[in-house]
Amino acid sequence: MAVSNDVRLQKYMAECGVASRRKSEELIEMGKVKVNGHIAHIGDKINPKKDIVTVKGKKINKEEKLYYLMLNKPRGYVTTVSDELGRKTVMDLIDIKARVYPVGRLDKDSEGLLLLTNDGSFANALTHPKHNYAKVYRVTVRQSVNDEILDRLRNGIEIDGRKTAPCDVNIITQEEGRVVLEFILREGRNRQIRKMCEAVELQVARLKRISIGPVKLGMLQTGKYRQLTDNEVRKLMRSSNPPTQKEE
């Protein structure tokens, strides 16, 4: 019996380093992907050895060398491959020939640890909702913080009609009118920490992500990047598959 070489189009796009599977699906839905000259559709399968796939008119090929990068993102850069408004993107800081893309995001005014790759399987593992990486942030706020505020943040804040998951929040340093908090989150909603702080009337002056799962930013300088070590990649992949827990 012949073995089929066909793969899902969005999976192939991710393996070629175009974007994550989810973002690849969005590109397909927008009509920006063609297979052998014909507009592709969600659910299409292709044979990588025979079919020609183009994204926005450019032929894509599977990268031979896989890259796993850690960037210390500065403030003022958006976490996208390109920006229609002409703003600086994190890709302006990366100088390699391969077409890597960000895994997850940090908003324009936030800084710190950001991962980039051209390995679709790796990106999919890190961004899949079932994988609950602990992400650690250092957040500087201008107002004072008391136990009531800490309890509210820890127990969950309603954002856009849905309560955030319980998280760890602790005071690192506290001065007159300036407090540095450590947030440990296991979910990643849009501008989550900023919205949580706004709900308890805290003004965020600085927000920096310092670790994702077992990988720490360390002493990497702002605006610089480096390859993850093989051990760091292995640890991320292992921790992306936590034991299944029965829901209460």
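**Exercise 1. Work out how strand 10 sits between its neighbours.**

Start with one partner: strand 10 and strand 14 (residues 178-185) run antiparallel and are joined by seven bridges. Keep in mind as you click around that this is a predicted model.

Step 1. Pick a residue pair to check that register. Val 136 has Ile 184 as its bridge partner in strand 14.

Step 2. Now look for the other partner. Strand 15 (residues 204-212) is also antiparallel to strand 10, and seven bridges join the two. Here a handy pair is Val 141 with Val 204, its bridge partner in strand 15.

Step 3. Ask how covered the strand is. Strand 10 spans residues 135-141, and six of its seven residues are buried, so the rest of the structure largely encloses it.

**Exercise 2. Find the largest nonpolar core and say which elements build it.**

Step 1. Look for the best-connected members. The core has 23 residues, and those touching the most other members are Val 141, Leu 153, Leu 181, Phe 183 and Leu 202.

Step 2. Sort the core by element. Two or more residues each come from strand 10, helix 4 (147-155), strand 14, helix 5 and strand 15. Strand 14 gives the largest share, with four residues.

Step 3. Zoom in on one member. Setting aside neighbours within four places in sequence, Leu 202 contacts Val 141, Gln 143, Ser 144, Val 145, Ile 149, Leu 153, Leu 181 and Cys 197.

Step 4. Check for another core. There is a second, separate one of 18 residues, and its members include Leu 113, Leu 126, Tyr 133 and Leu 217.

**Exercise 3. Decide whether Ser 211 is buried or exposed, and list what it touches.**

Step 1. Place the residue: Ser 211 belongs to strand 15.

Step 2. Compare its accessibility with the cut-off. Buried means under 20% relative accessible area. Ser 211 comes in at 5%, so it counts as buried.

Step 3. List the contacts. Not counting residues up to four places away in sequence, Ser 211 touches Leu 113, Ala 134, Lys 135, Val 136 and Lys 216.

**Exercise 4. Lay out the open sheet that contains strands 2, 3, 5 and 6.**

Step 1. Write down the order. The four strands run 3-2-5-6, with antiparallel pairing.

Step 2. Spot the edges. Strand 3 (38-39) and strand 6 each have a single partner strand, so one side of each has no neighbour in the sheet.

Step 3. Follow one pairing in detail. Strand 2 (residues 33-35) pairs with strand 3 in the antiparallel sense over two bridges. Within that pairing, Lys 34 stands opposite Ile 39 of strand 3.

**Exercise 5. Look at the backbone of Lys 56 and Arg 191, and say where each residue lies.**

Step 1. Recall the usual backbone. Most residues other than glycine have a negative phi.

Step 2. Take Lys 56. Its phi is positive, about 55 degrees, although the residue is not a glycine. Lys 56 sits in the loop between strand 5 (53-55) and strand 6 (58-59). With 55% relative accessibility, Lys 56 counts as exposed.

Step 3. Take Arg 191. Its phi is near 50 degrees, again a positive value in a residue other than glycine. You'll find Arg 191 in the loop between strand 14 and helix 5 (192-199). Arg 191 is partly exposed, at 37% relative accessible area.

**Exercise 6. Describe the surroundings of Thr 80.**

Step 1. Locate the residue: Thr 80 is in the loop between strand 7 (68-73) and strand 8 (101-103).

Step 2. Read the exposure. Thr 80 has a relative accessible area of 22%, which makes it partly exposed.

Step 3. Find its contacts. Leaving out residues up to four places away in sequence, Thr 80 touches Thr 89, Val 90, Met 91 and Arg 105.

Step 4. Add a distance. Thr 80 and Val 100 are 20 residues apart in sequence, with their C-alpha atoms 11 Å apart in space.

**Exercise 7. Sum up the whole protein chain.**

Step 1. Count the elements: six helices and 17 strands.

Step 2. Get the dimensions. Along the principal axes, the C-alpha atoms fill a box of roughly 70 × 45 × 35 Å.

Step 3. Check burial and contacts. Of the 248 residues, 45% count as buried. Among contacts with a separation of 6 or more, 64% are between residues 24 or more positions apart.

Step 4. Finish with surface and charge. The accessible surface is about 14600 Å², and carbon and sulfur atoms account for 46% of it. The chain has 47 positive and 33 negative side chains, with the centres of the two sets 5 Å apart.

Terms used:
Residues numbered from 1 in each chain as written. Predicted model: local features only at pLDDT ≥ 70, side-chain atom pairs only at ≥ 80, totals over all residues. Heavy atoms only, no water. Buried < 20%, exposed > 50% of the residue type's maximum accessible area, 1.4 Å probe, protein only. Pairing = 2+ DSSP bridges. Contact = heavy atoms within 4.5 Å. Areas by Shrake-Rupley, 256 points an atom, 1.4 Å probe, with all protein chains shown as cover. Lys, Arg positive; Asp, Glu negative; His and termini not counted. Charge placed at Lys NZ, Arg CZ, Asp CG, Glu CD. Core = buried A, V, L, I, M, F, W, Y, C linked by side-chain atoms within 4.5 Å.
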